Amino acid sequence: MNGACIDVLRTRRSLDDAGLRYLLCTDDRDTVRALHAAAREETNSRFGRVVWLRALIEWSNVCRNDCLYCGIRRSNRSVRRYTMRPDEILSCCERAWDAGLRTFVLQGGENPAAAEGLAPVVAGIRAAWPDAAITLSLGELPPETYALLRRSGADRFLLRHETADPAHYARLHPAGMTLEGRLACLRALRSLGYQVGMGMMVGSPFQTEDDLLADLRLLASFRPEMVGIGPFIPQQDTPLGTFPPGSADRTLRLYSLVRLLLPDALIPSTTALSTLLPDGWRAGLAAGANVIMPDFTPAEYRGEYALYEGKTASGIALSVLIEKLAAAGYRIGAGRGDYNGN
Ligand code: 5AD
């Protein structure tokens with residue numbers, strides 16, 4: 001086994017398990033460099049050196065769910081719960097629009113009643129900024145609620161599958177939550193016409209290499225428009241808070257593998273990666289990512305949206321990011337940055 005499998009992956013857009021496992025695990029740094037270079041080249045040929053910025057607005061941390069890894073899980077009593085008022089959400093959008101961002105991402109805990117209540121806010125954003133994309137990240141909701149939000153003007157939905165192995169899924173989530181249920185939501189979202197984002201944590205507790213191969217197979221068959229991948233980072237107030245963090249190196253390899261499997265995908269260089277690795281955003285782009293999600297959550301709420309340790313400290317100022325992107329030879333995407341593949 002050697003770097004030749006990079007060529008197979010690039011030309012056929014698929015690779016057998018042995019090849020994928022090799023690229024995920026090899027100690028040969030030359031191969032890893034070649035993998036990242038091939039992925040970046042693919043990104044350049046599709047998009048140029050363009051990076052899309054998405055304004056992340058963490059509008060509520062109220063969550064009915066109890067995911068074992070997540071800092072805003074229902075059982076965590078040390079979180080002060082908040083929900084932003086509609087006017088606060090709109091002023092975040094305004095700041096983002098004025099800064100040149102053309103996608104607003106409303107992310108919040110899983111909360112069906114609040115999600116329904118968000119519909120008029122989505123409609124208000126749509127009316128105020130007809131040319132913006134509206135992305136939602138609100139967890140598992142009834143299909144009617146997904147439909148209502150879509151009718152209200154939402155374009156995209158992020159719902160990571162977290163792990164493609166049903167038994168592993170069950171170990172990370174409370175009783176009653178299943179991979180099948182998660183995939184049913186993703187299919188419902190797609191059939192409603194949303195551009196769909198999936199993805200997984202890297203190095204989550206109990207994860208094996210086989211699980212990651214299953215993740216890649218699932219991504220290659222579902223073909224989501226967006227793929228969010230970040231390292232697991234322990235959060236001390238959760239049942240999985242004593243497990244070690246995932247690997248930044250492995251996360252970067254997965255960005256490259258996903259880029260070569262799904263060349264048109266929108267792949268963020270995630271906040272979790274930058275939490276683990278200084279200037280992780282830059283390494284992510286060099287490995288084939290093409291999206292960055294600057295945090296537009298007002299400072300007064302940011303500390304309460306602590307999905308994992310160190311998250312709030314990891315952000316850099318938007319103006320600094322924009323300067324550094326230019327210095328690194330990247331251009332910022334001008335429009336909404338919708339998925340353009342097939
Ligand atoms: N470490 C890394 N990522 C996490 N997420 C939640 N908790 C953690 C954690 N401890 C991610 C999940 C979820 C997204 C919103 O945040 O993948 O889908």
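1. In this predicted model, an oxygen atom of the ligand lies 2.9 Å from an N or O atom in the side chain of Arg160, and an oxygen atom of the ligand is 2.5 Å from an N or O atom in the side chain of Glu162. A nitrogen atom of the ligand is 2.7 Å from a polar backbone atom of Ile233. Taken alone, the ligand exposes 400 Å², of which the protein buries 86% (Shrake-Rupley areas with a 1.4 Å probe).

2. On conventions, local features need pLDDT of at least 70 and side-chain atom pairs count only at pLDDT 80 or more, whereas totals for chains, interfaces and linings use all residues. Residues are numbered from 1 along each chain as its sequence is written, and side-chain values use heavy atoms, with hydrogens and water left out.

3. The residues around the ligand (one heavy atom within 4 Å) include Tyr69, Cys70, Gln107, Met201, Pro231, Phe232, Leu307 and Tyr308, and Arg160, Glu162 and Ile233 also belong to this set. The shell divides into 8 nonpolar, 1 polar and 2 charged residues, where Tyr, Cys and Pro are among those counted as nonpolar.

4. An open sheet of 6 strands (DSSP E runs of at least two residues) has the order 2-3-4-5-6-8 with parallel pairing, a pair requiring at least two bridges. Strand 2 (55-60) and strand 8 (226-227) stand at the edges with a single partner strand each, so one side of each is left without a neighbour in the sheet. Within this sheet, strand 4 (residues 133-137) runs parallel to strand 5 (residues 156-158) and is joined to it by 2 bridges; Leu136 has Phe157 in strand 5 as its bridge partner.

5. A further open sheet, of 3 strands, has the order 10-1-11, again with parallel pairing. Its edges are strand 10 (291-292) and strand 11 (331-332), each with a single partner strand, so that one side of each has no neighbour in the sheet. Strand 1 (residues 50-53) pairs with strand 11 in the parallel sense over 2 bridges, and Arg331 in strand 11 is the bridge partner of Val50.

6. Why is Cys25 in no bond with the closest cysteine sulfur? The search of the whole structure finds 0 disulfides (cysteine sulfur atoms within 2.5 Å), and the closest cysteine sulfur to that of Cys25, in Cys5, is 12 Å away, which is too far for a bond. Cys92 is likewise in no disulfide, the nearest cysteine sulfur, that of Cys93, being 6.8 Å away. Cys25 is partly exposed, at 26% relative accessible area, while Cys92, at 1%, counts as buried (buried is under 20%, exposed over 50%, partly exposed in between).

Methods. Polar contact = N/O pair within 3.5 Å; in protein donor to acceptor, adjacent residues only side chain to side chain. Helix = DSSP H or I, 4+ residues; strand = E, 2+ residues; numbered from the N terminus. Buried < 20%, exposed > 50% of the residue type's maximum accessible area, 1.4 Å probe, protein only.
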